[in-house]
Every structure is written in C-alpha cells, then in structure tokens.
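These notebook entries record what I looked up on side-chain contacts. I began with aromatic rings and then turned to charged groups.

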Amino acid sequence: MESIAEKQADIVEEFAFLEDWMDKYEHLIELGKELPLIDEQYKKEDNLIKGCQSQVWLHAENDGEHVHYTADSDAILTKGIIALLIRVLDGHKPSEITQADMDFIDQIGLKEHLSPTRANGLVNMVKQMKYYALALQASESKTTSS
Amino acid sequence: MDVKTPPLDIAKLRQDFPVLHQKVAGKPLAYFDNAASAQKPQAVIDTLSHYYETTHSNVHRGVHQLSQKATDAFEEARKIVQQELNAAHPHEIIWTKGTTDSINLVASSLGQNQIKSGDEIIISALEHHSNIVPWQMLCQRTGATLRVIPISDEGEIDLQAYRELLSSRTKMVAVNHYSNALGLINPVEAIIEEAHKHGAWVLLDGAQSLPHRPVDVRALDADFYAFSGHKVFGPTGIGVLYGKESLLNELPPYQGGGEMIAEVSFEKTTYGELPHKFEAGTPHIAGAIGLGAAFQYLQQQDRPALARHEEELLAYATDALRRHFPRLKIYGDVPHKASVISFLLEDIHPYDAGAILDKLGVAIRTGHHCNQPLMQRFGISGTMRASFAFYNTTEEIDQFITALQRAEKMLS
C-alpha cells in the first residue's frame with residue numbers, strides 16, 4: 001500500500017488538472033457521492049462533530065494493526081473532503097497517522113474548508129482522526145510494556 | 001406642478017464604497033451579507049484615518065489641546081447619534097462595543113437592583129442569541145423566569161399570545177425591531193404600548209433596523225434601544241445603548257473603572273453622571289467618531305430613495321428566485337419586510353450552495369444566523385440568507401440568480 005505522503009501526492013496531482021473552481025467542486029461532489037455509506041448505527045450523537053454550518057459523523061475502528069475510518073456529513077462538499085481525508089489516512093498504522101502532515105488540503109486549494117471560521121466540523125474531524133490513532137498507540141505501548 | 005425626485009444614481013453611490021470594487025475568484029463581488037456587516041463609505045474610512053493623523057488623544061479631563069479636540073469630536077459624535085435617534089438628551093446615548101454589549105449592560109445592571117425571584121422577562125422566538133443568552137443569565141442569577149412569545153409559521157410575533165404572557169410580574173420585554181434571520185419588521189409599537197400598560201420596560205434590539213430605516217426612539221417610546229455601528233456602515237467595535245434618562249439613572253453601573261467615577265477612595269466610590277457612569281475605561285474614541293461620520297453620510301443621502309431602492313431590490317430578487325427555482329422555500333415570507341431573503345432549496349445544503357456561490361463572486365450567509373431556537377421552530381438546521389443594502393444592484397441579483405442556478409445544477 002502507498003504511504004500517506006504518496007497518497008497525498010496522488011491527490012495533489014489529481015487536482016492539478018482541475019484549474020477552474022467549479023471543476024474542483026464538481027470533483028469533490030463526485031467524491032462525496034462515492035463515499036461509502038456509514039453504518040447507520042454509528043451515526044449517533046457520540047460520533048457527531050458539530051459545526052455551525054455542517055455536521056460530520058466519524059467512526060473509527062482498528063484491526064489490531066491498522067486504523068479504519070468511516071464518516072458522513074449532511075453537506076456534500078464536506079463529504080467530498082471527508083472522502084479525501086479517509087483515502088489518505090485509512091488503513092495506516094496509528095504511529096503513521098499521528099505523524100501525518102495533512103498539507104495536501106492546502107496544496108489543492110481547499111484550505112478554507114478546513115479553516116475554523118467555516119465551522120463545518122472538518123477541522124475537528126482531522127483532530128478526531130488523529131486522537132483516535134493516538135489513543136490506540138497509547139494503549140498499544142501500554143500492552144507491549146506490560 | 002409635480003416635482004419629480006431624481007432617480008438614485010447607484011453607480012455614483014457605489015463609488016463611495018471602495019470595498020465593493022473588487023473581484024472574488026476572478027468574478028465581480030456581489031456582496032449580499034449586509035445583515036452580518038455592512039461596508040464602509042470612504043467618508044467613514046477618511047474620518048478614522050484623519051482622527052488618528054490629527055486628533056488622537058485620550059478623552060475627558062485632559063488639559064492639553066489634543067485631548068480637548070478629541071473630546072469635542074467624541075462628544076459631537078454622541079450628539080449626531082442623539083439627533084439620528086431623536087433622543088431627548090446626548091447623555092441618553094451610551095457608547096458600547098455593539099448590540100451584544102448594550103444588551104448585556106442592561107441585563108447585568110437590571111440584575112443588581114431591579115429583578116428578583118418571581119419576576120419575568122419576555123423575549124420572542126425570533127431573537128438573535130445576543131438577545132436570549134444575557135436574559136437567560138440574568139434569570140439564572142436572580143431566579144426570574146424567561147418567557148418566550150411564540151411566532152407563526154412565517155415568523156410573525158403572536159401578539160395575542162404576547163398579551164397573555166404580560167402580567168404584573170413582567171419586568172422587561174426584549175425583542176428585535178427587525179429580525180436578523182428573516183428580515184421581518186416586528187410590531188414594536190404595539191409591543192411597547194402593551195408592556196407599558198403593565199409597567200414593564202422594553203428593550204429593542206435595533207441591530208437590523210437602522211441599516212434600513214431611520215428610527216425615532218421617542219416616537220416609539222422605547223425604553224432602551226441597542227444597535228451596532230458596523231451594521232450601519234460605521235466601524236466595528238462600537239455600538240450604542242440608548243436609554244431614557246430616568247431609567248438609566250435608576251440602573252447601577254455595569255463595569256467599574258476609570259471614566260465612570262465621581263470620586264474614589266478605598267472606603268467608598270461615587271459614580272459619575274450619565275453617560276459616563278456606563279462608560280468605564282478609555283472608550284473606542286475613533287469608533288464613536290467614525291459612527292458619527294456614518295450617520296452624517298446617511299443624512300446627506302436621499303433616505304426615502306435609498307429605502308425605495310432596497311424595496312425594489314427585495315421585490316426583484318424575490319420574484320427572480322420564485323421564477324427560477326420551483327424547489328424554493330422562503331422563510332419569513334411576508335409582504336412587508338426589510339431587504340433580507342432567507343431561503344432553502346429542497347435537498348440542497350446551504351453550506352454547499354454558499355461555498356459554490358462564493359467562487360462565483362456572490363457573498364451570502366449560510367447557517368443558523370445565531371438563531372438556533374428559531375431554526376428549531378422551523379425544523380431546519382439553517383438557511384441561505386441574502387441581505388441587500390442600498391448600494392446593491394439588480395445586476396448583482398442577476399449574477400446571484402445565475403450562480404445559484406449553477407449551484408443547483410451541480411448539487412442535484
């Protein structure tokens with residue numbers, strides 16, 4: 001599997017062809033539509049990251065080695081960005097996720113969607129994805145050392 | 001002989017607002033977020049820089065010339081606001097940070113000596129969070145009860161229900177004059193008259209009314225009137241609380257510090273006279289003078305013509321939206337309202353449409369507009385809101401409609 005950095009480079013390349021804003025947004029909408037549906041049982045209050053503009057539901061689990069994410073949003077552009085975030089971080093080890101530098105969002109010109117003023121839940125989603133990996137990493141090191 | 005007033009020269013008027021002449025994402029900017037904050041005429045911008053270049057010093061009690069000049073300009077601005085509101089005295093105009101600060105001042109001071117357990121405060125279901133939370137906090141502190149006037153499905157205040165809520169327990173009625181989320185013009189004359197019959201005071205949140213129409217606080221017989229400078233084409237960080245002299249005298253000070261005292265010793269401090277009693281600390285001098293300049297700018301315009309132009313913009317945009325979008329629902333769909341349209345397109349999230357409009361040069365606001373209880377009343381999480389000022393044009397509305405058609409197509 002590609003590394004987190006390689007996946008980010010792929011996305012940057014993919015977006016490089018989309019010069020017009022409307023093309024970028026069309027692509028995000030497509031990605032949002034293709035995002036696998038979150039299991040309804042995970043669309044609960046505990047998994048809700050509230051934003052004043054749009055909301056995000058995030059569920060994470062691990063197979064003992066790798067972290068897997070599913071997520072959803074009520075806004076399709078938000079969902080498109082979720083799809084990118086999941087594509088980059090899903091299936092990686094907790095240590096890789098916690099160290100990941102997510103600067104591809106800036107490089108493809110979508111930084112404003114992750115700005116706190118947008119209040120769309122995405123900033124906290126990225127944090128939440130990392131927190132989950134961090135928590136897993138902490139519990140792993142505890143198990144190994146005991 | 002009929003004397004026809006010359007038509008409004010919008011192109012000329014727009015020259016007064018430098019920020020409007022820019023491109024966003026390569027498209028001409030159509031700024032329809034005026035209800036959140038209005039743009040500034042050159043006269044206000046020049047006044048701010050002129051003040052800092054030539055006049056700045058701390059106000060009141062300075063013996064030197066600059067302090068005198070700054071104090072004169074600052075107090076002159078207070079008189080401009082007094083005249084604008086038709087208040088009886090300049091000292092009924094209290095400088096604050098904005099509407100929120102003005103409401104907090106009244107709620108906090110009332111809580112110190114006027115409100116007790118068992119008293120009631122009435123607000124409406126239409127209120128901005130800034131006219132809900134300070135009263136909730138007051139109720140928590142004092143044991144008073146918050147009562148809420150219900151609204152119709154179009155957002156209109158239910159006057160009959162209001163009359164039933166009023167009683168001898170009612171101490172304060174706090175409602176918005178024009179609604180920020182929907183643009184509705186509330187029947188504040190009737191609200192005030194009924195409240196006064198019960199001996200209750202009325203505070204009007206005027207943040208959204210003054211940008212559209214002049215307000216006469218004495219004709220309204222409002223006890224308190226709160227508004228923000230930045231929504232009436234003035235600077236940010238300055239606002240006003242108007243209060244009737246007798247009521248302001250009854251209230252204890254809000255914050256303690258310099259400016260607001262008469263004499264201080266460690267045993268006892270006596271407070272200053274109005275308006276200084278409520279203006280602790282160095283005020284936003286430049287902001288106050290800039291707000292004065294904003295009102296002077298408005299006073300130089302043909303204000304009935306500005307109002308008519310806004311009505312035309314509202315009618316033009318409402319008609320275009322209805323014609324082009326069968327899936328449209330307007331919230332607060334009443335004949336007489338301010339130039340604000342709050343709407344949704346079925347199955348389209350406001351955030352998505354707003355983000356696409358932004359890249360087509362159109363600035364609207366999306367979300368709950370700091371009115372979560374109102375959105376809950378309508379069973380929605382938010383709306384798209386286009387709010388027009390007199391410097392907007394029908395060409396900009398055309399740009400907005402085209403952009404919204406594009407967004408609808410992309411999102412369907």
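**Entry 1. Two buried rings in chain B.** I note at the outset that the model is predicted. I looked up Phe343(B) first and found it buried, at 0% relative accessibility. I then checked Phe400(B), which is likewise buried, with a relative accessibility of 0%.

**Entry 2. Aromatic pairs.** I searched the whole structure for ring pairs, and the search returned 16 aromatic pairs over all chains. One of them joins Phe233(B) and Phe390(B), whose rings are 4.9 Å apart centre to centre, with 50° between the planes; I entered the pair as tilted. I next placed the two residues along chain B. Phe233(B) is in the loop between strand E9 (224-228) and strand E10 (239-243), and Phe390(B) is in the loop between strand E17 (383-387) and helix H14 (394-411), so the pair ties together parts that are 157 residues apart in sequence. For accessibility I recorded a relative accessible area of 2% for Phe233(B), which is buried. Phe390(B) is buried as well, with a relative accessible area of 1%.

I then returned to the residues of the opening entry. The ring centres of Phe343(B) and Phe400(B) are 6.2 Å apart and the planes meet at 65°, so I classed this pair as edge-to-face. Phe343(B) belongs to strand E14 (residues 340-345) of chain B and Phe400(B) to helix H14 of chain B; the pair links distant parts of the chain, 57 residues apart.

I also asked which residues ring pairs link into a cluster. The cluster consists of Phe17(B), Phe233(B), Tyr297(B), Phe390(B) and Tyr391(B).

**Entry 3. Charges over rings.** In chain A, I found Lys24(A) over the face of Trp21(A), 4.6 Å from the ring centre. In chain B, the charged end of Lys329(B) is placed over the ring of Tyr331(B), at 4.9 Å from its centre.

**Entry 4. Salt bridges.** I counted 25 salt bridges over all chains. Among them is a contact between chains: Glu112(A) and Lys359(B) form a salt bridge with an N to O distance of 2.9 Å. On the chain A side, Glu112(A) lies in the loop between helix H5 (104-107) and helix H6 (122-145); on the chain B side, Lys359(B) lies in the loop between helix H12 (350-358) and strand E15 (362-363). Are these two partners buried or exposed? I recorded Glu112(A) as partly exposed, at 25% relative accessibility. Lys359(B) has a relative accessible area of 7% and is buried.

Within chain A, I noted a salt bridge between Lys79(A) and Asp72(A), at 3.3 Å from N to O. Both Lys79(A) and Asp72(A) are buried.

Within chain B, Glu120(B) and Arg169(B) meet in a salt bridge at 3.1 Å, N to O. Glu120(B) is in strand E5 (residues 120-124), while Arg169(B) is in the loop between helix H6 (159-165) and strand E7 (170-176); the two are 49 residues apart, and the pair links distant parts of the chain. Glu120(B) counts as buried, at 6% relative accessibility, whereas Arg169(B) is partly exposed, at 42% relative accessible area.

Last, I looked for salt bridges that share partners. Such bridges join Lys43(A), Asp72(A) and Lys79(A) into one network.

How values were computed:
Residues numbered from 1 in each chain as written. Chains lettered and ligands numbered in written order. Predicted model: local features only at pLDDT ≥ 70, side-chain atom pairs only at ≥ 80, totals over all residues. Heavy atoms only, no water. Phe/Tyr/Trp six-rings, centres within 6.5 Å; stacked < 30°, edge-to-face > 60°. Helix = DSSP H or I, 4+ residues; strand = E, 2+ residues; numbered from the N terminus. Buried < 20%, exposed > 50% of the residue type's maximum accessible area, 1.4 Å probe, protein only. Lys NZ or Arg CZ within 6 Å of the ring centre and 35° of its normal. Salt bridge = Lys/Arg side-chain N within 4 Å of Asp/Glu carboxyl O.
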